[in-house]
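Please look over the sequence and the model below before reading on. The report then describes selected parts of the fold and the surface.

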Amino acid sequence: RLKAKWIDKIYHSSFTHKSRGVAILFRKGTLFKHTSTIADKEGRYIIVIGELNTEKVILVNIYGPNFDSPLFFKKVFNNIPELTQYNLIIGGDFNCTLDPYLDRSTKQRKNIKDVWRTENPTGREYSFYSPVHKTYSRIDYFL
């Protein structure tokens with residue numbers, strides 16, 4: 001169990017004690033009113049719905065599979081409720097690159113951007129190294 005003095009609320013989804021798991025944590029004093037939670041039984045994503053301060057929000061944390069799995073992401077996005085009255089914040093370890101040209105040490109290019117990429121349009125910083133492929137990749141995002 002995760003314990004720290006600064007933590008007030010924890011919403012989590014876990015698979016086993018040694019494999020997978022995601023969480024959304026709130027610092028003490030954060031004004032968050034919980035409405036509902038959608039937790040993946042395999043510990044790969046959690047969706048928390050509520051009000052942060054006075055704003056309606058949907059918070060999503062993703063731990064993507066380490067292989068190409070469009071069906072996984074489709075499942076996650078299909079579980080996100082209607083967004084017409086909510087702000088959506090998605091973060092996590094997607095285990096994939098959004099722009100392989102900038103986010104991997106190989107040279108292929110697509111046109112998808114995340115918040116960090118918007119602020120750092122030509123920056124190259126990586127969060128993962130594959131010794132098998134001898135490449136660096138940026139696979140952790142906030143969208």
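What follows is a short report on a sheet, a helix packed on it, a loop residue and a surface patch.

## Basis of the model

This is a predicted model, in which local features need pLDDT of at least 70 and side-chain atom pairs count only at pLDDT 80 or more, while totals for chains, interfaces and linings use all residues. Residues are numbered from 1 along each chain as its sequence is written, and side-chain values use heavy atoms, leaving out hydrogens and water.

## The sheet and its helix

Five strands (DSSP runs of E, at least two residues, numbered from the N terminus) form an open sheet in the order 3-4-5-6-9, with mixed pairing, where pairing requires at least two DSSP bridges between two strands. Strand 3 (32-39) and strand 9 (140-142) are the edge strands, each pairing on one side only.

Strand 4 (residues 45-52) and strand 5 (residues 55-63) run antiparallel and are joined by eight bridges; I47 stands opposite V60 in strand 5.

## A buried loop residue

D99 is found in the loop between strand 6 and helix 2 (100-103), and D99 counts as buried because its relative accessible area is 2%, the limit for buried being under 20% with a 1.4 Å probe and protein chains only. Although D99 and I139 are 40 residues apart in sequence, their C-alpha atoms are 9.9 Å apart in space.

## Tyrosine at strand 8

Y136 lies in strand 8 (residues 135-137), and with 42% relative accessibility Y136 counts as partly exposed, the class between 20% and 50%.

Notes. Patch = residues over 30% accessible without salt bridge, like charges linked within 9 Å, V, L, I, M, F, W, Y side chains within 5 Å. Areas by Shrake-Rupley, 256 points an atom, 1.4 Å probe, with all protein chains shown as cover. Salt bridge = Lys/Arg side-chain N within 4 Å of Asp/Glu carboxyl O. Helix = DSSP H or I, 4+ residues; strand = E, 2+ residues; numbered from the N terminus. Contact = heavy atoms within 4.5 Å. Axes fitted to C-alpha atoms, helices over the stretch in contact; angles between N-to-C directions.
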